[in-house]
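Visitor: I'd like a close look at one small spot in this protein, please, followed by a walk through the parts that help me read it. Plain language and the numbers behind it would suit me well.

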Amino acid sequence: MSQARLTIDLDALARNFRTLAGWAQGAEVAPVLKADAYGLGAAPVARRLTREGARRFYVARLSEGEALRAALGPGPQVLVLDGLTPGDERRMSAASLTPVLLSLAQVDRARAWKGPAVLHVDTGMNRSGLTVGELGDLDLTGLNLRGLLSHLGSAHDPADPRNALQLERLTAAKARLPNLPTSLAASAGAALGPAFRFDQVRPGVSLFGGGPEERPDARLDTVATLTAPVVNVRHVEAGELMGYGSRRRAERPMRLAIVAAGYADGIIRRAGGGGRAWLAGALRPVVLVNMDLSAIEIGAAAVSEGDEAELLGPHVPLDDLAAWAGTVAHEILVRLSPRAERIYLGAA
Ligand SMILES: *Cc1c(COP(=O)(O)O)cnc(C)c1O
């Protein structure tokens, strides 16, 4: 069958979890499994991470929290980054979820609701969370707070002065709530050094192999591999048009391997032109990405129908593919589509 195949290596996920635990040096590692665990399947990913010792998980949406609770059963804490939105109290209680409160309106709602909650304070991203001023004036009566959280905006660049500024603001904010377990770092922050770890780190993308500095990191293993079979080998004469439209004209005679994967399988269209795929033992230029098919230039290499090309994986790192496509590793992962056949390696 000619179909793209997405292999998800749960043993590699477990190794990355342990690597992150090493970076965290005693701080808890609480995986972020929003968007169906970055598209890789929240249930198998969460089950395996639970076996590796994870006890707390973050998701973005209430519905993601409900799905994770159903997969994990009672026990692990499941935190919802969207917080407590109007009318969701009953569902939040029913699934034993912990909202991460991101505004004063949500704080008031949580006070009336009485359930456990974590407070998000904005230290410089200007996106969500109480401002430092709002936190300073906050009336804590009637709140059942379990933690304090903030999020870094520039952690992928260790030299960015915003990191130190956000750290300073969170440290000051913490003085107001000294006994709450505190968390600042996502994947990138966890690699920044001891000052950024606090009580808990919240990695997402690095569990799945994305480097903390948006480039491949040899300490992390490949979790997601996308391969596709060659369905056709073509010779194109110099001057001929390739694919749709009249923009792509072969500058010289070319041999192309056509593989059964395209943007409907999650290969971002922009990665055609500048991108690379692994085929016949080498990295080779990806010339075109169409919906179902992509073209790889193979020169004189021996390639035949049925050979497998790797479009993402150990030879084609997530962060390189992201750079070629003009995006970040997170987006590459969440766009991997259900059309590609999924195979899980290792126990869930
Ligand atoms: C998405 C997210 C994370 C995880 O980020 P990564 O870059 O994938 O490690 C952590 N914290 C919050 C608040 C997030 O929204």
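**A close look at backbone turns and their surroundings**

Guide: Happy to! Let's begin with Ala280, which is partly exposed at a relative accessible area of 38%; here buried means under 20%, exposed over 50%, and partly exposed in between, with a 1.4 Å probe and protein chains only. Keep in mind that this is a predicted model, in which local features need pLDDT of at least 70 and side-chain atom pairs count only at pLDDT 80 or more, while totals for chains, interfaces and linings use all residues. Residues are numbered from 1 along each chain as its sequence is written, and side-chain values use heavy atoms, leaving out hydrogens and water.

Ala280 sits in the loop between β13 (276-279) and β14 (282-289); helices (H or I, at least four residues) and strands (E, at least two) are DSSP runs numbered from the N terminus. What makes Ala280 worth a stop is its phi, near 50°, a positive value in a residue other than glycine. Most residues other than glycine have a negative phi.

Tyr38 makes a good companion. Its phi is also positive, near 55°, but Tyr38 belongs to helix α2 (residues 34-38). Tyr38 is buried, with a relative accessible area of 6%, and it is also among the residues closest to the ligand.

That brings us to the ligand itself. It has 13 residues around it, the closest being Lys34, Tyr38, Ser187, Gly204 and Val205; a residue counts as near if one of its heavy atoms lies within 4 Å. Oxygen atoms of the ligand lie 2.7 Å from an N or O atom in the side chain of Lys34, 2.5 Å from a polar side-chain atom of Ser187, and 2.8 Å from a polar backbone atom of Val205. On its own the ligand has 390 Å² of accessible area, and the protein covers 89% of that; these areas come from the Shrake-Rupley method with a 1.4 Å probe, and for residues only the protein chains shown count as cover.

Positive phi values turn up just after helices as well. Gln25 follows α1 with a phi of about 45°, and Gly73 follows α4 with about 75°. Helix α1 (residues 10-24) has 15 residues, which at 1.5 Å a residue should span 21 Å, and its end C-alpha atoms are indeed 21 Å apart; the expected span is 1.5 Å times one less than the number of residues. At the N-terminal end of α1, Asp9 acts as a cap, with a side-chain oxygen 3.0 Å from the backbone nitrogen of Asp11.

Buried residues of α1 include Leu13, Phe17, Leu20 and Trp23. An α-helix has 3.6 residues a turn, so residues three or four places apart point the same way. The partners that the buried residues of α1 pack against include β1 (5-9), α3 (42-51) and β17 (341-345), contact meaning heavy atoms within 4.5 Å. In α4 (residues 62-72), Leu62, Leu68 and Leu72 are among the buried residues, with cover that includes α3, β3 (56-59) and α5 (89-94).

Strand β3 holds Arg56, which is partly exposed at 29% relative accessibility. The Arg56 side chain makes polar contacts with the side chains of Glu28 at 2.9 Å and Gln77 at 2.8 Å; a polar contact is a pair of N or O atoms within 3.5 Å, where within protein one must be able to donate a hydrogen and the other to accept it, and residues adjacent in sequence count only if both atoms are side-chain atoms.

For a strand that is hidden away, try β12 (residues 254-259): 5 of its 6 residues are buried, so it is largely enclosed by the rest of the structure. It runs antiparallel to β11 (residues 224-236), joined by 6 bridges, and antiparallel to β15 (residues 294-297), joined by 4; strands pair if DSSP finds at least two bridges between them. Ala257 in β12 is the bridge partner of Val233, while Val259 stands opposite Ser294 in β15.

Stepping back, the chain has 11 helices and 17 strands, and buried residues make up 51% of its 348 residues.
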